[in-house]
Amino acid sequence: MRGVIILAGGRGTRMGGVDKASVILAGERLIDRLVRQLPYGMPTAVVSPYRLGMPQVCESPLFGGPVAGIAAGHAALSNLSLSTTAVLAVDAPDSPQMLPALAAAVEDSDADVAVATLDGHLQPLCALWRTEALQKALGELGDPRNQPVMRLLRLAENVVHVAGTEAVRDIDTVDELRARRQARQTTQR
């Protein structure tokens, strides 16, 4: 069984300090767009300190960074027997479209984690971990607060890269949000 950790608890500083999960794109919040694209019934841990109107958890203390969010989400799912755990970011609301390719990469190899790439760069918040490998990496890391995601990724013994699509592209700034909205309006004409 697969589970997913959705990181939705950043400060959104590059977007003017907004709760990115509640930003509207194409008539729906980013969090709703992402969750809607997950496989039905997939165990999910949404990590956010903002009230989103859905079950969620948050790291303590708040705003500890993405690795602290991953640790909180992993802890929330730890009572399940998950073979793999996806890590997705709310600001890449179409990233669930990458799950089949990430799953195939893990299943067809001895990789601990499959990570999407885009424009030649790793996208560590679009990844599928073998749950045991994620548990081990988090244990080796120690305190997850303010740790870089790349440091967690380096603790995996075998990482496979998967070519990402536009679904991986995140929305970090107001300009990127505006461009995404304009592109959507152009395609609807």
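In the predicted model, helix α4 is followed by glycine 142, the phi of which is positive, near 85 degrees. The helix itself spans residues 131-141, and its buried residues are Thr131, Ala133, Leu134, Ala137, Leu138 and Leu141. Viewed down the axis of α4, these buried residues fall within an arc of 160 degrees and therefore line one face of the helix. The face turned away from this buried side carries Glu132 and Gly139, both of which are exposed. Packing of the buried residues of α4 involves strands β1, β5 and β7 together with helices α2 and α5, the last of these comprising residues 149-154.

Helix α3, formed by residues 99-107, has Leu99, Leu102, Ala103, Ala105 and Val106 as its buried residues. These residues lie on the same side of α3, because the arc that they cover around the axis is only 160 degrees. Pro100 and Glu107, on the other side of α3, are exposed. The buried residues of α3 pack against five strands, namely β1 (2-7), β5 (84-89), β6 (113-118), β7 (121-130) and β8 (159-163). Strands β1, β5 and β7 thus recur as packing partners, being contacted by the buried residues of α3 and by those of α4.

Strand β8, one of the partners of α3, contains valine 159. This residue has a relative accessible area of 28%; as the partly exposed class runs from 20% to 50%, valine 159 is assigned to that class. When neighbours within four places in sequence are left aside, valine 159 is in contact with Val113, Val115 and Leu153. Alanine 111 lies 48 residues from valine 159 in sequence, yet the two C-alpha atoms are 5.5 Å apart in space.

The largest pocket of the model has a volume of about 660 Å³. Its lining comprises 30 residues, among which Gly10, Lys20, Pro66, Asp91 and Leu125 lie nearest the centre of the pocket. Two elements, helix α2 (66-77) and strand β7, each give two or more residues to this lining. The greatest contribution comes from β7, which supplies 4 residues. By residue class, the lining of the largest pocket divides into 15 nonpolar, 8 polar and 7 charged residues. Strand β7 accordingly appears in two settings: β7 lines the largest pocket, and the buried residues of α3 pack against β7. Helix α2 likewise gives residues to the pocket lining and is packed against by the buried residues of α4.

Definitions and conventions: Residues are numbered from 1 along each chain as its sequence is written. This is a predicted model: local features need pLDDT of at least 70, side-chain atom pairs count only at pLDDT 80 or more; totals for chains, interfaces and linings use all residues. Side-chain values use heavy atoms; hydrogens and water are left out. Buried means under 20% relative accessible area, exposed over 50%, partly exposed in between (1.4 Å probe, protein chains only). The arc is that of the directions from the helix axis to the C-beta atoms. Contact means heavy atoms within 4.5 Å. On a 1 Å grid over the protein atoms alone, a cavity is a set of points where a 1.4 Å probe fits but cannot get out, and a pocket is an open set with protein on both sides within 12 Å along at least five of seven lines; lining residues have an atom within 4 Å of a point. Grid points are joined across faces, edges and corners, and a volume is the space filled by probe spheres set on the points. Ala, Val, Leu, Ile, Met, Phe, Trp, Tyr, Cys and Pro count as nonpolar, Asp, Glu, Lys and Arg as charged, and the others, Gly among them, as polar.
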